[in-house]
Amino acid sequence: MTTPEHSAHQLARELLAPSWSRVRRIPLIRREIREFLSPRALEILFEAANGAELIVEGAPDSRSTAADQGYATVMVTVDLANPDLAAILREPPDIATANRVAELMRGSEALRERLCALARPRLAEIFGADADSLGIELSPAVRVAGTTILIDGDAVVWLGSARSRNLSNKVVGQ
């Protein structure tokens, strides 16, 4: 049995036609997928089962006459391969995950705030002041070495009376 001529032409057009469908409507709403650290992610990374190591070093500024200002360094090390931490994370504790987490941490205001909160008690000891009377401005930098995330922050610390100083030039960086 043979195919009628008009059916053969129609079949050829359908087989040879582009496989892309023609756009007939334009979407008004754009959809995208975004990645970010969950609200509890930093807390989990810094606190869960010795997941992080914190080192705080600093001293009052010897050049300041009022001794109401000083400088400090805050260092946090988080090893994703730590068995206690890896056991509670959904993502694999590998180099790719460490790089992605570090990328999401860079420029994060939540990270800066969390580092200040972690360092505040130790800075209060160093500067001999009440923790609530300290002003802290911190600029964190995030690096990766294998599965370990290294966070270093340079901090300017000031005491009570200096709290009213102009903060319009505060520095918050990566």
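## Close-up views of a predicted model

**View A. The largest nonpolar core and its best-connected members.** Of the 30 residues in the largest nonpolar core, those that touch the most other members are F46, M105, L123, I149 and I151. A nonpolar core is here a set of buried Ala, Val, Leu, Ile, Met, Phe, Trp, Tyr and Cys residues joined through side-chain atoms within 4.5 Å, and buried means under 20% relative accessible area, with exposed over 50% and partly exposed in between (1.4 Å probe, protein chains only). Two or more residues come from each of helix 2 (41-47), strand 2, helix 4 (95-105), helix 5, strand 3 and strand 4, and helix 5 gives the most, with 7 residues. Helices (H or I, at least four residues) and strands (E, at least two) are DSSP runs, numbered from the N terminus. The model is predicted, so local features need pLDDT of at least 70 and side-chain atom pairs count only at pLDDT 80 or more, whereas totals for chains, interfaces and linings use all residues. Residues are numbered from 1 along each chain as its sequence is written, and side-chain values use heavy atoms, with hydrogens and water left out.

**View B. L123 and its contacts.** L123 lies in helix 5 and counts as buried because its relative accessibility is 0%. Not counting residues up to four places away in sequence, L123 touches V56, A72, L134, I136 and V157, where contact means heavy atoms within 4.5 Å. L123 and L134 are 11 residues apart along the chain, and their C-alpha atoms are separated by 8.3 Å. In soluble globular proteins, nonpolar side chains tend to be buried together.

**View C. The open sheet and the helix packed on it.** The sheet is open and is formed by 4 strands in the order 1-2-4-3, with antiparallel pairing; two strands pair if DSSP finds at least two bridges between them. Strand 1 (52-60) and strand 3 (135-145) stand at the edges with a single partner strand each, so one side of each is left without a neighbour in the sheet. Neighbouring strands of this sheet are turned by 15° against each other on average, direction ignored. Helix 5 (residues 109-127) packs on the sheet and touches strand 1, strand 2, strand 3 and strand 4 (148-158), while its direction makes about 120° with that of strand 3. For such angles, axes are lines fitted to C-alpha atoms, for helices over the stretch in contact, and the values run from 0 to 180 degrees between N-to-C directions.

**View D. Strand 2 between its two partners.** Strand 2 (residues 69-79) pairs with strand 1 in the antiparallel sense over 9 bridges, and A52 stands opposite V78 in strand 2, as G58 stands opposite A72. Strand 2 also pairs with strand 4, again in the antiparallel sense, over 11 bridges; here T73 stands opposite D154, and the bridge partner of G70 is V157.

**View E. Strand 4 and the hairpin with strand 3.** Strand 4 is mostly covered, with 8 of its 11 residues buried. Strand 3 and strand 4 pair in the antiparallel sense over 11 bridges, and D154 in strand 4 is the bridge partner of S139. The hairpin of these two strands has 2 residues between the strands, and in this hairpin G146 takes a positive phi near 65°.
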